[in-house]
Amino acid sequence: MAHGWSITPGFGINSEITGWIPQLKINYFNRRYVPITSGIYAFAEGTVGVQTQLGLSSGNYYKNPFLQSYSAFAALNAGLTYFYKNDWTLEAKANLGTLSVSHLRSKPESQSTAVSLESSLSAQLFTLGITRYIGSGNSKSTIFETDQNTPYTAGQRYWEGRLTSNFNFIKPSAINSSNSQSINIGFSTARFVSDKQARGFGLSAIFSNLNAKSELYPRSSIKFGGATAFIFREHYLPLGKKLSLIGSVYLTGFYTMNRTKHPEQNTTEHSLNINPSIRPAIQYQLTDRWAVTAHIGTLSIASANLTLDKEKDYRNEPMNSFQTGLSFSPAYTIGNSGISLRYFPGR
């Protein structure tokens, strides 16, 4: 285990208005290590901190800073540490989830406040660095061996819940404004058929709403809702006594409704979609009853869809269309990721 403070100063340049942007981030971190094999450790890291940015003009165009940004955040990270030499390591780290509160002010007279809870893992969030451990006494080799047995037994069951939300309010002036809200909630459950295989099912629902108005465009709104049902099978590869790599095969059915309201045209779209996919994950058993699981992207294999579009133009005349589709185009999406907690009753 390791914990401490970090201070990260930064500097940027805005060439459009000949200004410079100093920034400062201060955060506290707490990290826990899990041995995988000789010289390699996985770790989970929690951080809390604050960050600020100021945009300062080098000329007389603005009397005050043209940019002021303040934020507070809490984040969960995961990564790998490799001891390639005594006390010297290569480390790869990615962000799994971040809760942030931020306030931004910029000229001319524009400001916004946002509260967001995001759980995602995208390629640009990976960082790679070199770390020097002082006084640790570590070496390239470790005394740990990878355990080939998982901590699970046949007949055992777990429950998993997910909740993500995002709320944004932007009002730069009395005429221009926008606000959006979204929430995604779901659960799944599975039963182990052996110590390394589990089968299960799940349900989820999503709702989002966007309203906007401006001096150039009339007021408009977009509402989106949907429901998902899926069945899956998981295969576990033990990496340690409590750490496992998971490969899952999913068959998912989606129903979505997208409704757009505009003074000149109203559109409603209903869609059904069936999609098989493969999803990798890493799971660490915190206690006998709780585990944390990092889902790392989705490999979509094929898709079958059914779509009904209902539109009304400015004369209120209906224009409906019906479409079907079947495609086979495997694609891996790393942004479709997140972190969740699993509960094992009766363990």
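A residue is called buried here when its relative accessible area is under 20%. By that criterion F192 is buried, because its relative accessible area is 0%. The model examined is a predicted one, and F192 makes a convenient place to start.

The structure contains 14 aromatic pairs. One of them joins Y152 to F192 in a stacked arrangement, with the ring centres 4.8 Å apart and an angle of 15° between the planes. Y152 sits in the loop between strand 7 (127-132) and strand 8 (157-170), while F192 belongs to strand 9 (residues 177-194), so this pair ties together parts that are 40 residues apart in sequence. Y152 also counts as buried, because its relative accessibility is 2%. The pair is part of a wider arrangement: ring pairs link Y152, Y158, F192, Y236 and F344 into a cluster.

Several of these names return in the largest nonpolar core, which has 13 residues. Within this core, the residues touching the most other members are Y158, F192, F232, Y236 and F344. Strand 9, strand 11 (220-238) and strand 12 (243-262) are the elements that each give two or more residues to the core, and strand 11 provides the largest share, with three. For F232, the contacts beyond four places in sequence are with Y158, S188, T189, A190, A198, R199, G200, F201, V249 and Y250.

Y250 leads on to a charged neighbour, as R279 lies over the face of its ring at 4.1 Å from the ring centre. A second arrangement of this kind involves R31, which lies over the face of F43, at 3.9 Å from the ring centre.

Polar residues are worth a look as well. N275 is located in strand 13 (residues 265-285) and counts as buried, since its relative accessibility is 11%. A polar atom of the N275 side chain lies 2.5 Å from the backbone oxygen of A302. A302 also appears among the residues in contact with N275 once neighbours within four places in sequence are left aside; the full set is Y250, L251, T252, F254, S300, I301 and A302.

T47, found in strand 3 (residues 40-57), is likewise buried, with a relative accessible area of 8%. When residues up to four places away in sequence are not counted, T47 touches N27, Y28, F29, F73, A74, A75 and N77.

How values were computed
Residues numbered from 1 in each chain as written. Predicted model: local features only at pLDDT ≥ 70, side-chain atom pairs only at ≥ 80, totals over all residues. Heavy atoms only, no water. Phe/Tyr/Trp six-rings, centres within 6.5 Å; stacked < 30°, edge-to-face > 60°. Helix = DSSP H or I, 4+ residues; strand = E, 2+ residues; numbered from the N terminus. Buried < 20%, exposed > 50% of the residue type's maximum accessible area, 1.4 Å probe, protein only. Lys NZ or Arg CZ within 6 Å of the ring centre and 35° of its normal. Polar contact = N/O pair within 3.5 Å; in protein donor to acceptor, adjacent residues only side chain to side chain. Contact = heavy atoms within 4.5 Å. Core = buried A, V, L, I, M, F, W, Y, C linked by side-chain atoms within 4.5 Å.
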